[in-house]
Amino acid sequence: MNDIILIKVGEIILKGLNRRRFEQKLLGNIRWRLSRIGKFRVYILQSAIYVEGDADADMDAAFEELQKVFGIVAISRAAACEKDKDAIAALAKSYLREDMLRAKSFKVESKRSDKAFPMTSVELSQYVGGELSEAFPDCAVDVHEPELVVHIEIRDLAAYVHAAPVPGAGGMPVGSNGVAVSLLSGGIDSPVSTWMIARRGVRPIPVHFFSFPYTSQQAKEKVVELAELLTPWCGRMRMEVVPFTHIQEEIRDKCPEEYFTLIMRRFMMRIAERIALDNGAKAIVTGENLGQVASQTMEAMASTQAVLSLPVLQPLIGMDKSEIVAMARRIGTFDTSILPYEDCCTVFTPRHPRTHPTVAEVEEAEAALDVQALVDEAIRGLERVPVGYDSEA
Ligand code: ATP
Ligand code: MG
């Protein structure tokens, strides 16, 4: 008899007819994550997902990984024992010892899928409740608002005592809400925006603009590493690295300096849109944050988005930097983000950037460039870097 993991599914329950599709996505994502750890059986029963491991499966590692799968609201472990009331009570006492010592009140809830079990659910709850009460006299029975609910389940092969649940990553299963191109720099913000959009069920295609030799090989490797750090959450990805040097040099040589950044960002958008259309992506995601830098005023964003027809999603737009940093730490990208490699945005930075441009002004400023040819050239030079394909068979 092996321990199992129980998963409570989130918002996807609300999605009516799409529910099955959402559930299948989630099951697929869970199986993919767990396949990197060992052999597990994953199945859904009455809108709860069960994970059973082989005898030698690493349940601790599985539990850890599952906390990074979007679409999961809560996860708990359950220990198995013989289907016998005393075995169940003994297991509850040992398995939930810490929780029972911590909580002020509890109740027991039992569920039987094996109807041949000789007690009703209510009888079993009362029996185990009584035993726990005796063993932990400081934790009172409270059937209305207990601090701790002890779940017991009688299933075909075994009885299970569930540990208290921990929160899941929330959101929706990656891939259930379509695909978007996500602009990934080496900074703090864009890994977080990529993570946030993935949590809404979007499969991200990371795109990085690379200005070798102005930005170094290490700067690119840092971005690949950031994408790697996101794979537990986002699944495996294919990063598109865009050769950006020629475009930046053209801008430097042919455009007025105060518009450098805005024009560069318009190129990023155009190229991102081409990649999106070629890959069935329906939006472009950035880590922009209102007012953070010169190119993130409303006018600046209007001038960069004027070249697009796809929507630009900016999950961080209204957050404070401290909140973004806290999130970067929590998801594990912060330490890599602050490694000191430069980004193409800092190459040829204007001394006095325009912060409140009109679209017409920026169009005028880039008039000397052969936009189409430069975009085509960048697209031809795309380098594809697989991310997270390491342990695939
Ligand atoms: P970040 O911390 O994500 O770099 P930032 O505050 O430094 O953001 P900018 O550098 O102006 O802001 O970039 C705004 C957004 O544009 C980034 O969040 C990212 O989505 C995108 N971006 C910037 N530089 C690049 C790049 N070299 N490759 C891909 N995307 C980029
Ligand atoms: Mg940046």
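**Helix packing, salt bridges and a cis peptide bond in a predicted model**

In this predicted model, helix 9 (residues 260-278) and helix 14 (residues 371-380) cross at roughly 55 degrees, with their axes coming within 10 Å. That angle makes helix 9 oblique to helix 14, because only angles under 35 degrees count as roughly parallel and those from 65 to 115 as roughly perpendicular. As for handedness, the crossing of helix 9 and helix 14 is right-handed.

Helix 9 turns up again in a long-range contact. Ala276 sits in helix 9, and its C-alpha lies 8.5 Å from that of Val179, although Ala276 and Val179 are 97 residues apart in sequence. Ala276 has a relative accessible area of 0%, so it counts as buried, the cut-off being under 20%.

A second contact of this kind involves helix 10 (residues 298-305), where Ser303 is found. Ser303 and Val359 are separated by 56 residues along the chain, yet their C-alpha atoms are 4.8 Å apart. Ser303, too, is buried, with a relative accessible area of 0%.

Turning to charged side chains, the whole structure contains 21 salt bridges. One of them joins helix 9 to a loop: Arg265 and Glu288 meet with an N to O distance of 3.4 Å. Arg265 belongs to helix 9, while Glu288 lies in the loop between strand 13 (284-285) and helix 10, so this pair, 23 residues apart, links distant parts of the chain. Both Arg265 and Glu288 are buried. There is also a network here to look at: Arg266, Arg270 and Glu366 are joined into one by salt bridges that share partners.

Another bridge runs between two helices. The side chains of Lys93 and Glu131 come together at 3.1 Å, N to O. Lys93 is part of helix 3 (residues 85-95) and Glu131 part of helix 5 (residues 121-135), which puts the partners 38 residues apart and again links distant parts of the chain. Neither end of this bridge is buried: Lys93 is partly exposed at 28% relative accessibility, and Glu131 is partly exposed at 22%. Both values fall between the limits of 20% and 50%, and that is why the two residues get this label.

The bridge between Arg155 and Glu153 has its closest N and O atoms 3.9 Å apart. That distance still passes as a salt bridge because the cut-off is within 4 Å. Arg155 and Glu153 are both buried.

The backbone offers a feature of its own. Most peptide bonds are trans, but the one from Phe212 to Pro213 is cis, with omega near 5 degrees. Pro213 is located in the loop between strand 11 (203-210) and helix 7 (217-234).

On the outside of the model, Leu290, Met298 and Ile317 make a nonpolar surface patch of about 290 Å². Ile317 comes from the loop between strand 14 (312-313) and helix 11 (321-331). With a relative accessible area of 30%, Ile317 is partly exposed.

Notes:
Residues numbered from 1 in each chain as written. Chains lettered and ligands numbered in written order. Predicted model: local features only at pLDDT ≥ 70, side-chain atom pairs only at ≥ 80, totals over all residues. Heavy atoms only, no water. Patch = residues over 30% accessible without salt bridge, like charges linked within 9 Å, V, L, I, M, F, W, Y side chains within 5 Å. Areas by Shrake-Rupley, 256 points an atom, 1.4 Å probe, with all protein chains shown as cover. Helix = DSSP H or I, 4+ residues; strand = E, 2+ residues; numbered from the N terminus. Buried < 20%, exposed > 50% of the residue type's maximum accessible area, 1.4 Å probe, protein only. Axes fitted to C-alpha atoms, helices over the stretch in contact; angles between N-to-C directions. Parallel < 35°, antiparallel > 145°, perpendicular 65-115°, else oblique. Left-handed = near helix turned anticlockwise from the far one by under 90°.
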